[in-house]
Amino acid sequence: MNGSGHISLYLAIVETENLPRGWEIYVNFKLFVFDQIRDKYLTIHDADDSSIKRFHDMKTEWGFTKFLPLDTFNDVSHGYLVNDCCLFGVEVFVHKHSGKLECVSITEKPANCTLTWKIENFSALDEESYSQEFTVADSQWKILVYPKGNSNGKAKAISVYLCSCNCLLSDLKYFAEFKLRIRDQINKNHVENTAKHWFSKSLKDWGFSQFLLLENLNNASKGFLVNDTLILEAEIMAVSNIKLFS
């Protein structure tokens, strides 16, 4: 099979219909053919002797397309084929795996999906500030703002991000499609940006370092900052739901 001029040899798992949904079997194995003249085995395995293969519903076979050249196999002097008889075998070590099955679904247009954060005394904010926590479809979120900008927006623009609270305590990833918005309190010409992101422990916040230029933010006629009050909103349009099974 895809190994012209060779014998292809595989280890296959059978009777998988009796295994539970989402099954996984972790195996380290060696395939061999017996030299009947010298009474010894020719063993074939991965270069990495500790390689562990994962058998699952979509991958039920592992092995070698070019296990042994046919010329070598058919040469009687090598002892692999004697009197039209050969002996193949496998040594199998099954590794116990205590992982969990993760089931992810996406909820679109979840209920109670918008947080409005009214920031009074905006000019007194620290370099970074977080909103109160809000819950959307069993996941928790906050808005993160840098009033004077951060990264490539530092000293040029206000930076606004959505932050996943769940990722602080979990190795799971959480998806969200969301809008971040600064409300125009006079003209109703709100500024908003949309993003999609898989949040994780290493990337727990996502957004825009140059959300709105400071010169526009501080321009009273624009209506974004009124009486030193800023109104920020986060709207989550789609969010992942994660369930774990043993």
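Student: Is phenylalanine 178 buried or exposed?
Tutor: In this predicted model, phenylalanine 178 counts as buried, because its relative accessibility is 1% and the cut-off for buried is under 20%.

Student: Which ring does phenylalanine 178 pair with?
Tutor: Its aromatic partner is phenylalanine 199, with 6.1 Å from centre to centre. The planes make an angle of 45°, and the pair is tilted.

Student: And where do those two lie?
Tutor: Phenylalanine 178 is in strand β13 (residues 174-182) and phenylalanine 199 is in strand β14 (residues 191-199), so the pair ties together parts 21 residues apart in sequence. Phenylalanine 199 is buried too, at 0% relative accessible area.

Student: OK, zooming out: how many aromatic pairs are there in the whole structure?
Tutor: A search of the whole structure gives nine. One of them joins phenylalanine 67 and phenylalanine 88: the centres are 6.4 Å apart and the planes stand at 70°, so this pair is edge-to-face.

Student: Which strands does that pair link?
Tutor: Phenylalanine 67 belongs to strand β5 (residues 61-69) and phenylalanine 88 to strand β6 (residues 88-95). They are 21 residues apart, and the pair links distant parts of the chain.

Student: What about burial for phenylalanine 67?
Tutor: Phenylalanine 67 is buried, with a relative accessible area of 4%. Phenylalanine 88, at 36%, is partly exposed.

Student: Switching topic, what sits over the ring of tryptophan 62?
Tutor: That would be the charged end of lysine 59, 4.5 Å from the ring centre.

Student: Last one: which residues do ring pairs link into a cluster?
Tutor: Phe32, Phe34 and Tyr41 are linked that way.

Note on methods
Residues numbered from 1 in each chain as written. Predicted model: local features only at pLDDT ≥ 70, side-chain atom pairs only at ≥ 80, totals over all residues. Heavy atoms only, no water. Phe/Tyr/Trp six-rings, centres within 6.5 Å; stacked < 30°, edge-to-face > 60°. Helix = DSSP H or I, 4+ residues; strand = E, 2+ residues; numbered from the N terminus. Buried < 20%, exposed > 50% of the residue type's maximum accessible area, 1.4 Å probe, protein only. Lys NZ or Arg CZ within 6 Å of the ring centre and 35° of its normal.
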